[in-house]
Amino acid sequence: MVTVRPYKFDQDALVVFLTMEQVKARELPVKDARLSAEFQKLLEAGVFEAAPGTQFPALLGRKIVLFVGLGKAKDLSLSGLRLAVRRALLSAPLSRTETVELILPEDNRENVEAAIEGALIGTYAWKKYVTRKKDDRTVEHKKIFIAGKDQPGYAATAKVAANVNFARALVNENADVTDAVYLEKVMKDIASGHKNVKLEILGRKELAAKGFGLLLAVNQGSNKKPRVLIASYTGAPGEAFTAVIGKGLTYDTGGLNLKPTGHMETMRCDMSGAATVLSLLKTVLELGIRKNIIFACGVAENAISANAYKPGDVLTSFSGKTVEVGNTDAEGRLVLADVISYVIQQYKPARLIDLATLTGAVSVALGNDYSGLVSNDDALAGALLKSAALSDDRIWRLPSYPELREAIKSKIADLRNTSSWRGAGGTITGAEFLRQFVGDTPWAHLDIAGTAFVEGDGRMYFGHGATGAGVRLLTHYFINN
Ligand code: BES
Ligand code: MN
Ligand code: ZN
C-alpha cells in the first residue's frame, strides 16, 4: 500500500533519496532538526556523496534511516528513481520494517508517480508457492508513505501499478491453473456489475461452428478447452471502438515441433498478451476511462499428443484464407489471425492493437527492455510511441512493408505460418502474417516476447517473472487518445 501525505517522521523507517548536488549543498528536501543532525554527522564522516546506487543506513533512536544516493541530478531519470525506490525497499536494513516513509529529492508529480511505481511494481514478487514467508519484503507486506502533497491522479497511478501486478500474477501462476476456463472466469469477474460491458464467450462448439480453424488446430493436441473471450465496453456512446487483442497461449510446448529444454520452462508466459488485456479491462473500468474498447483474448494451449496438429498441415482460417503449417511452434500467429478476423468482422473497430509473446527473435533485435512495435499506421504508431515514452513501458518500432509478403508464401496454401527467410527478421515476418488478416484496419502489433517475462534476477525495476508489459502503455494511450 502506498500513500502520499505530508512528511511526518512517524514510521518505522525513513528513506531519504538525495542527489549529489543536494549533498554538496548540505540541503535536505525536508526541514527537520532531528534528521538534519543525522545528515550532518554523515557529511562530517565523509562517507556519503550520493553516488548512484549507494545506500547508507543509520539509526535515529529506534528509527532506521536509509540515505540513498541518486547521483547527479542531470543524470537521474524517472526510471532510475523507480529502481532506487525498489532497491531501497528491498534493502537488508529495511527487511523487517513494515512501515516506511520516503523522502524524494523533490516533491513533484513526476517524482511521486515514479516512486509509487517503484514501490508497487518494483517490490512485486511472486511468492505464492514459497512456504518460508519470514523474510518477505514484497509490496503486500509493507505500508509505504511518500512525503509530499497528495494530488489528484496519484490514486490512479497506484491503481494502474496494482493492475500491472494483477497481470503479472496471472502469468506467474502455474499454466494448469490459469487455463482458458480460469481466464474466462477472470473476465466475467472483472465485468460483473458493469452494464456497459457486454461479454461474448466462444467455446469449442461455437468456435467450430464459426470456423476458427487456426485456433482450434493449435488447441487440438491439448486436453484444455479453447476459448475466445471478448468484452465490449462502451464508455463513450456513439464513438468509434478500439480493439485490443491478446495472445493467450496458456502453455506453449511448441507442439510436435517441440521446444528443447532451456526454451520451454518459461512458456507459462505465453498468455501474457491475454493477461495484459484482462488487466486493461480491469483498469479501464476502475478508472472509468471514457472510450469504447473491445477487449479480446484468444486462449489455447499448444500441447503434444496423438491429436496434435502437424507440421505440413493445411488449415482453413476463419477468414477463409488457407495456411500451411511450416512449424507448429509458430502457433501464436495462428490463434491471433482467427481472433483478429473475427473481431474485425463482428465489431468493426476503427483501430486494432494486438499484444503477443510472438517471437523469440524480438529479443535478438531489441533486447528485453523494449517491446517490438509493427504497424501499418503512422498515426497509431506515433501515439503508441509517445505513450510508451511517458509511461516507461517501452516500445521500439520495426518496419512493415509490402515486399515482406514474399517471405510467407506457400506452394500449397494461401500463406505459411513460417517465413522462407529462416533465421532472419523473425519478428517482422511474424507480424507480416498477422497483417494479412487486418485488411485496411489501422493496426499495431506489440511483440512482448522479450519484455513480458524476466528470467534470472530481474531487469530495470522488475524482479524475476512476469512484468505486465503493455498495461501502463495502453492505459496511458487510452487516457490520452
Ligand atoms: N511463444 C513463442 C515465442 C516466445 C519465445 C515467447 C521466447 C517468449 C519467449 C512463440 O510461439 C514461438 O515459439 N515462436 C517461434 C516462431 C518460429 C517457430 C517461427 C520462435 O520465436 O522461435
Ligand atoms: Mn510457439
Ligand atoms: Zn507461443
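**View 1. Helices α5 and α14 meet in a right-handed crossing.** This is a predicted model, as are the other close-ups below. Here the axes of α5 and helix α14 (residues 471-480) come within 9 Å and cross at roughly 135°. That angle makes α5 oblique to α14. On the α5 side, look for Val160, Asn163, Val164 and Ala167; the α14 side brings Val471, Arg472 and Thr475. Sort the residues of this contact by character and you get 4 nonpolar, 2 polar and 1 charged.

**View 2. Helix α4 packs against helix α5.** Now we stay with α5 (residues 154-172) and bring in α4 (residues 109-120): the angle between the two is about 30°, and their axes are 9 Å apart. At that angle, α4 counts as roughly parallel to α5. As for handedness, α4 passes α5 in a right-handed crossing. From α4 come Arg109, Val112, Glu113, Ile116, Glu117 and Leu120, and they meet Tyr154, Thr157, Ala158, Ala161 and Asn165 of α5. The residues of this contact split into 6 nonpolar, 2 polar and 3 charged.

**View 3. Met20 sits in helix α1.** The helix itself covers residues 20-24. Leaving aside residues up to four places away in sequence, Met20 touches Glu49, Ala50, Ala51, Gly71 and Lys72. For a sense of where this is relative to View 2, take Val112, one of the α4 residues that meet α5. Met20 and Val112 are 92 residues apart in sequence, and their C-alpha atoms are 19 Å apart in space.

**View 4. The manganese ion (ligand 2) is held by Asp252, Asp329 and Glu331.** Asp329 shows up twice in the list of donors, through O and through OD, alongside OD from Asp252 and OE from Glu331, at 2.0 to 2.2 Å. There are 6 donor atoms around this manganese ion, with angles of 71 to 169° among them, and the site is irregular. Along the chain, the donor residues are spaced D-x76-D-x1-E. Asp252 belongs to strand β9 (residues 241-252) and Asp329 to the loop between β12 (322-324) and α10 (332-347), so this pair ties together parts that are 77 residues apart in sequence.

**View 5. The zinc ion (ligand 3) is coordinated by Lys247, Asp252, Asp270 and Glu331.** Lys247 gives its NZ, Asp252 and Asp270 each use OD, and Glu331 uses OE, at 2.0 to 2.4 Å. The 6 donor atoms around the zinc ion subtend angles of 79 to 174°, which makes the arrangement octahedral. For comparison, ideal angles for six octahedral donors are 90 or 180 degrees. In sequence, the donors of the zinc ion follow the spacing K-x4-D-x17-D-x60-E. Lys247 lies in strand β9 and Glu331 in the loop between β12 and α10, so these two tie together parts that are 84 residues apart in sequence.

**View 6. Asp252 bridges the two metals.** Bring both ions into the frame and you'll find the zinc ion (ligand 3) and the manganese ion (ligand 2) 3.1 Å apart, with Asp252 coordinating both. Glu331 also turns up at each ion: its OE is listed among the donors for the manganese ion and for the zinc ion.

Note on methods:
Residues are numbered from 1 along each chain as its sequence is written. Chains are lettered from A and ligands numbered from 1 in the order in which they are written. This is a predicted model: local features need pLDDT of at least 70, side-chain atom pairs count only at pLDDT 80 or more; totals for chains, interfaces and linings use all residues. Side-chain values use heavy atoms; hydrogens and water are left out. Axes are lines fitted to C-alpha atoms, for helices over the stretch in contact, and angles run from 0 to 180 degrees between N-to-C directions. Helices (H or I, at least four residues) and strands (E, at least two) are DSSP runs, numbered from the N terminus. Angles under 35 degrees count as roughly parallel, over 145 as roughly antiparallel, 65 to 115 as roughly perpendicular and the rest as oblique. A crossing is left-handed if the near helix is turned anticlockwise from the far one by less than a right angle, and right-handed if clockwise. Contact means heavy atoms within 4.5 Å. Ala, Val, Leu, Ile, Met, Phe, Trp, Tyr, Cys and Pro count as nonpolar, Asp, Glu, Lys and Arg as charged, and the others, Gly among them, as polar. Donors are N, O and S atoms within 2.8 Å of the metal (3.2 Å for Na, K and Ca); water is not among the atoms, so sites may look incomplete. Four donors count as tetrahedral if all angles lie between 85 and 135 degrees; four count as square planar and six as octahedral if opposite donors are over 155 degrees apart and all others between 65 and 115; anything else is irregular.
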